[in-house]
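Q: Please take a close look at the nonpolar core of this protein chain. I should like to see how the core fits into the fold around it.

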Amino acid sequence: MLLMAFDSTQQALRAEMLLEYADIENDMCPTPKQITAGCALSLEFPKESFEEVKRIVKEERVEIRGIYSKIGDQYVNMEL
């Protein structure tokens, strides 16, 4: 699973709606303390959906802090 973090709750809820509309499995969860973000909510989604999520974020101009992959106990920012 990958994790998308946000700077605002509004953008988190908007991204959740857009992913659901695109039939991309996602789960709202608390933002891990290892990720500095302005919003306490993040979205988890399958790694297999990364390219489609990137496309949606860019086309819909969703403001995100980043998309992260968990490696061990660390979160690594994926390049958009």
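A: The answer below begins with the fold, turns to the core, and ends with two buried residues.

The model is a predicted one. Its protein chain has two helices and five strands, and from the N terminus on these elements follow the order β-α-β-β-α-β-β. The radius of gyration is 11 Å, close to the 12 Å that the globule rule gives for 80 residues, so the chain is as compact as a globular protein of that length. Along its principal axes, the C-alpha trace spans about 30 × 25 × 20 Å. Of the 80 residues, 41% count as buried. Among contacts with a separation of 6 or more, 62% join residues that are 24 or more positions apart.

In soluble globular proteins, nonpolar side chains tend to be buried together. In this chain, the largest nonpolar core holds 18 residues, and the members that touch the most others are Met4, Phe6, Val53 and Ile67. Two or more residues of this core come from each of strand 1 (2-5), helix 1 (9-21), strand 3 (41-45) and helix 2 (50-59).

Met4 shows what such contacts look like in detail. Leaving out residues up to four places away in sequence, Met4 touches Ala15, Leu19, Ser42, Leu43, Phe45, Val53, Val57, Ile64, Gly66 and Ile67. Apart from the largest core lies another core, of five residues, including Leu3, Ala5, Ile35 and Tyr68.

Two further residues deserve attention. Cys39 is found in the loop between strand 2 (27-30) and strand 3. Its relative accessible area is 4%; because this is under the 20% limit, Cys39 is buried. Beyond its neighbours within four places in sequence, Cys39 is in contact with Phe6, Asp7, Ser8, Thr9, Ala12 and Thr31. Phe6 is also one of the core members that touch the most others. The C-alpha atoms of Cys39 and Asp73 are separated by 20 Å, the two residues being 34 residues apart along the chain.

Ser69 lies in strand 4 (residues 66-71). Ser69 likewise counts as buried, because its relative accessibility is 7%. With residues up to four places away in sequence not counted, Ser69 touches Leu2, Lys47, Gln74, Tyr75, Val76 and Met78.

The outside of the chain completes the picture. The accessible surface comes to about 5000 Å², and carbon and sulfur atoms hold 47% of it. The chain has 9 positive and 15 negative side chains, with the centres of the two sets 6 Å apart.

Technical notes
Residues numbered from 1 in each chain as written. Predicted model: local features only at pLDDT ≥ 70, side-chain atom pairs only at ≥ 80, totals over all residues. Heavy atoms only, no water. Core = buried A, V, L, I, M, F, W, Y, C linked by side-chain atoms within 4.5 Å. Buried < 20%, exposed > 50% of the residue type's maximum accessible area, 1.4 Å probe, protein only. Helix = DSSP H or I, 4+ residues; strand = E, 2+ residues; numbered from the N terminus. Contact = heavy atoms within 4.5 Å. Rg over C-alpha atoms; globule rule 2.2 N^0.38 Å. Areas by Shrake-Rupley, 256 points an atom, 1.4 Å probe, with all protein chains shown as cover. Lys, Arg positive; Asp, Glu negative; His and termini not counted. Charge placed at Lys NZ, Arg CZ, Asp CG, Glu CD.
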